[in-house]
Amino acid sequence: MKIKDLFQNKKVVFSFEIFPPKVNSSIQTIYNTLEELKGLNPDYISVTYGAGGSVKNNNTIELSSLVKNKYGIESVAHLTCIGSSKNDITYYLNELKKNNIENILALRGDIPKDKQVIGELVHANQLIKHISDNVDFNIAAACYPEGHIEHKGLYREIESMKRKEEAGASYFISQLFFDNNLYYNFQEEVCAANVRLPIQAGIMPVTNKKQIERIISLSGASLPDKFKRIMERYEHNPEALRDAGIAYAVEQIVDLISTGVDGIHVYIMNNAYLAKKISSSIENILSTVNKIELV
Ligand code: FAD
């Protein structure tokens, strides 16, 4: 199934993001995680593409195929172009086709620290165009409610979204954010610029302080005072911090759904406990809203 069709039929598309386990870690853990995620009925699960990885030593296809073909959940395979040749990309797309995968999240990827960019395609819109010109996939793209870290501010970001829409993307998934007001401002700007594709809001439940510091340095996401207070108060109490992080994410999601968001994409970091807690807290509002839409 092509994910773009879900936005036609559903009020709020709900998905999880997972990553391929490290090469030497136990593959059994991912089976256990997927078993639990299946019971939560997400609309789809997306699978990340290792930063700096190559198409041939990347487990994204294998895991996306497992999600779809063993667990019967629609999957979206991520792909970055910054370190890949067009031949590599063709190989990857053919493998996805062989595995019956119909959806791709097409990304540029982060520029490597040594700045050795070996790909022929250097922006996501070029990758999107390359895919849509050559093969029949449903293509999602990334967007950044606070602007991309290399060019903060929304002007450049919205120009970038327009290019991705024109190139053939069918919907967006947003970078994580912790301040819904910034997201609503972003939505207004996007709408004013006539970008019409649906956007799924990216939410990450934060569970420990180190993780949040890493995320901020990678994404540049702003932290509202309320969020900072939680971090400070529970800094030395991991369980309380985890629970407060989940509660904060649930509050964000409920507010977004009530305000008419197109979809929610939860970065669960392979943690089925987080996924379960969030799903059970929002299942009523999600099913009510989706029923109203379908009537
Ligand atoms: P682009 O759209 O190419 O944008 C990158 C920068 O270039 C932006 O500042 C933009 O304004 C500018 N720009 C874009 N197009 C042009 C143009 N034509 N001319 C001039 N400037 C331009 N990374 C991974 O390695 N693996 C993953 O699995 C992964 N999954 C992600 C999932 C989501 C939902 C998100 C939001 C990000 C993900 N990333 C992943 C991170 C992503 O690769 C980085 O944020 C990367 O730096 C930018 O990717 P992009 O596709 O947005 O790039």
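## A tour from Val 254 through the chain

Begin by selecting Val 254, which, once residues up to four places away in sequence are set aside, touches Ile 282 and Ile 285. The model on screen is a predicted one. Of these two partners, Ile 285 is 31 residues from Val 254 in sequence, while the C-alpha atoms of the pair are 7.6 Å apart in space. Val 254 belongs to helix H10, which runs over residues 238-258, and its relative accessibility of 29% means that Val 254 counts as partly exposed.

**Helix H10**

Extend the selection from Val 254 to the whole of H10, whose 21 residues reach 30 Å from the first C-alpha to the last, close to the 30 Å expected at 1.5 Å a residue. Which residues of H10 are buried? Colour Ala 240, Leu 241, Ala 244, Gly 245, Ile 246, Tyr 248, Ala 249, Val 250, Gln 252, Ile 253, Leu 256 and Ile 257, and the buried set of this helix is on display. While looking down the helix, keep in mind that an α-helix has 3.6 residues a turn, so residues three or four places apart point the same way. Then step just past the end of H10 to Gly 260, where phi is positive, at about 90°.

**Helix H6**

Next select residues 154-167, which form helix H6. This helix has 14 residues and spans 20 Å between its first and last C-alpha atoms, close to the 20 Å expected at 1.5 Å a residue. Its buried residues are Leu 154, Glu 157, Ile 158, Ser 160, Met 161, Lys 164 and Ala 167, a list in which the charged residues Glu 157 and Lys 164 can be picked out. What covers the buried residues of H6? To see the cover, show helices H5 (124-134) and H7 (180-192) together with strands S5 (138-143), S6 (147-148), S8 (171-176) and S9 (199-203), which are included in it. After H6 comes Gly 168, and here phi is again a positive angle, near 125°.

**Two asparagines in loops**

From H7, which is part of the cover over H6, move on to the loop between H7 and S9, where Asn 194 lies. The phi of Asn 194 is near 70°, a positive value in a residue other than glycine, and at 49% relative accessibility Asn 194 counts as partly exposed. Now select Asn 100, which sits in the loop between helix H4 (86-98) and strand S4 (103-107). Asn 100 is not a glycine either, yet its phi is positive, at about 70°. With a relative accessibility of 45%, Asn 100 also counts as partly exposed.

**Leu 107 in strand S4**

Follow the chain from that loop into strand S4, and stop at Leu 107. Is Leu 107 buried or exposed? Its relative accessibility is 17%, and because buried means under 20%, Leu 107 counts as buried. Leaving aside neighbours within four places in sequence, the contacts of Leu 107 are His 78, Leu 79, Thr 80, Cys 81, Ala 124, Leu 127 and Ala 142. Select His 123 as well: its C-alpha atom and that of Leu 107 are separated by 7.7 Å, with the two positions 16 residues apart along the chain.

**Ser 222 between two helices**

The next selection is Ser 222, in the loop that joins helix H8 (209-219) to helix H9 (225-233). Ser 222 has a relative accessible area of 30% and is therefore partly exposed. Apart from residues up to four places away in sequence, Ser 222 touches Glu 146, Phe 178 and Leu 182. Drawing a line from Ser 222 to Ile 111, which is 111 residues away along the chain, gives a C-alpha separation of 22 Å.

**The whole chain**

Finally, clear the selection and show the chain in full, with its 11 helices and 10 strands. The radius of gyration is 18 Å, close to the 19 Å that the globule rule gives for 295 residues, so the chain is as compact as a globular protein of that length. Along the principal axes, the C-alpha atoms fill a box of roughly 50 × 50 × 45 Å. Of the 295 residues, 51% are buried. Among contacts between residues at least 6 apart in sequence, 80% join residues at least 24 apart. On the surface, the chain exposes about 14300 Å², with carbon and sulfur atoms supplying 48% of that area. If the charges are coloured, there are 33 positive and 35 negative ones, and their mean positions are 2 Å apart.

Technical notes:
Residues are numbered from 1 along each chain as its sequence is written. This is a predicted model: local features need pLDDT of at least 70, side-chain atom pairs count only at pLDDT 80 or more; totals for chains, interfaces and linings use all residues. Side-chain values use heavy atoms; hydrogens and water are left out. Helices (H or I, at least four residues) and strands (E, at least two) are DSSP runs, numbered from the N terminus. The expected span of a helix is 1.5 Å times one less than its number of residues. Buried means under 20% relative accessible area, exposed over 50%, partly exposed in between (1.4 Å probe, protein chains only). Contact means heavy atoms within 4.5 Å. The radius of gyration is taken over C-alpha atoms; the globule rule is 2.2 Å times the number of residues to the power 0.38. Accessible areas come from the Shrake-Rupley method with a 1.4 Å probe; for residues, only the protein chains shown count as cover. The place of a charge is taken as NZ of Lys, CZ of Arg, CG of Asp or CD of Glu.
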